[in-house]
Every structure is written in structure tokens, then in C-alpha cells.
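Please load the model in your viewer and keep the sequence panel open beside it. The tour proceeds by successive selections, from one residue outward to the whole chain.

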Amino acid sequence: MNLNLRNAIISNIATNDQNQLEATIVDAIQSGEEKMLPGLGVLFELIWNQSDEQEKQEMIEALEQGVKQAAK
């Protein structure tokens, strides 16, 4: 079976509005299920690719702080 996970995830959310996208993200995080991680990765990739350098730097700083908090 030749399944492109990235394309499948994008196809599943292609018609979602902002509220639906937010609900998808919140649900994936709150569920804590490992199977949701690839989907969140694809969403992050989409965000990253649409961001300018300043926004990317802000995300990296937020990620650094999140990692530090999670590691405590």
C-alpha cells in the first residue's frame, strides 16, 4: 500500500475553517495519543512554511521555553 501520510492529513483538513483547525489541534494535544503526533507535525510544517523569519524565531523561542518547562 502506497499511502502518503502527509497528503492524507492535508486532504482531511483542506476544507476546515479556523475554528475546526483549532479544535483539531486542541483535541490532538489533549488526547495525548501518540498516533496524533504525525498530524501535528504536518500542521507545524504548514505553519513553518508560511512564516517569515521573525515568526520562525518566535516559534523557536517558544519551543525552547516549552522544552525547558517540560524537562523540569
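Select serine 51 together with Lys56 and Met59: leaving aside residues up to four places away in sequence, serine 51 touches these two residues. Bear in mind throughout that the model is predicted.

Next, colour the neighbouring elements. Serine 51 sits in the loop that joins helix H3 (37–49) to helix H4 (53–70).

Now display the side chain of serine 51 and the backbone of isoleucine 47. A polar atom of that side chain lies 2.7 Å from the backbone oxygen of isoleucine 47.

Is serine 51 buried or exposed? Turn on the surface and locate the residue. Serine 51 counts as buried because its relative accessibility is 14%, and the cut-off for this class is under 20%.

Then select the entire protein chain and show it as a cartoon. Four helices and zero strands appear, in the order α-α-α-α from the N terminus on. Reduced to its C-alpha trace, the protein chain spans about 40 × 30 × 30 Å along its principal axes.

With the whole chain still selected, return to the surface. The accessible surface amounts to about 6100 Å², and carbon and sulfur atoms account for 53% of it. Of the 72 residues in the protein chain, 12% are buried; serine 51, as seen above, counts as buried.

Finally, colour the side chains by charge. The protein chain carries 5 positive and 12 negative side chains. The centres of these two sets lie 7 Å apart.

Note on methods. Residues numbered from 1 in each chain as written. Predicted model: local features only at pLDDT ≥ 70, side-chain atom pairs only at ≥ 80, totals over all residues. Heavy atoms only, no water. Helix = DSSP H or I, 4+ residues; strand = E, 2+ residues; numbered from the N terminus. Buried < 20%, exposed > 50% of the residue type's maximum accessible area, 1.4 Å probe, protein only. Polar contact = N/O pair within 3.5 Å; in protein donor to acceptor, adjacent residues only side chain to side chain. Contact = heavy atoms within 4.5 Å. Areas by Shrake-Rupley, 256 points an atom, 1.4 Å probe, with all protein chains shown as cover. Lys, Arg positive; Asp, Glu negative; His and termini not counted. Charge placed at Lys NZ, Arg CZ, Asp CG, Glu CD.
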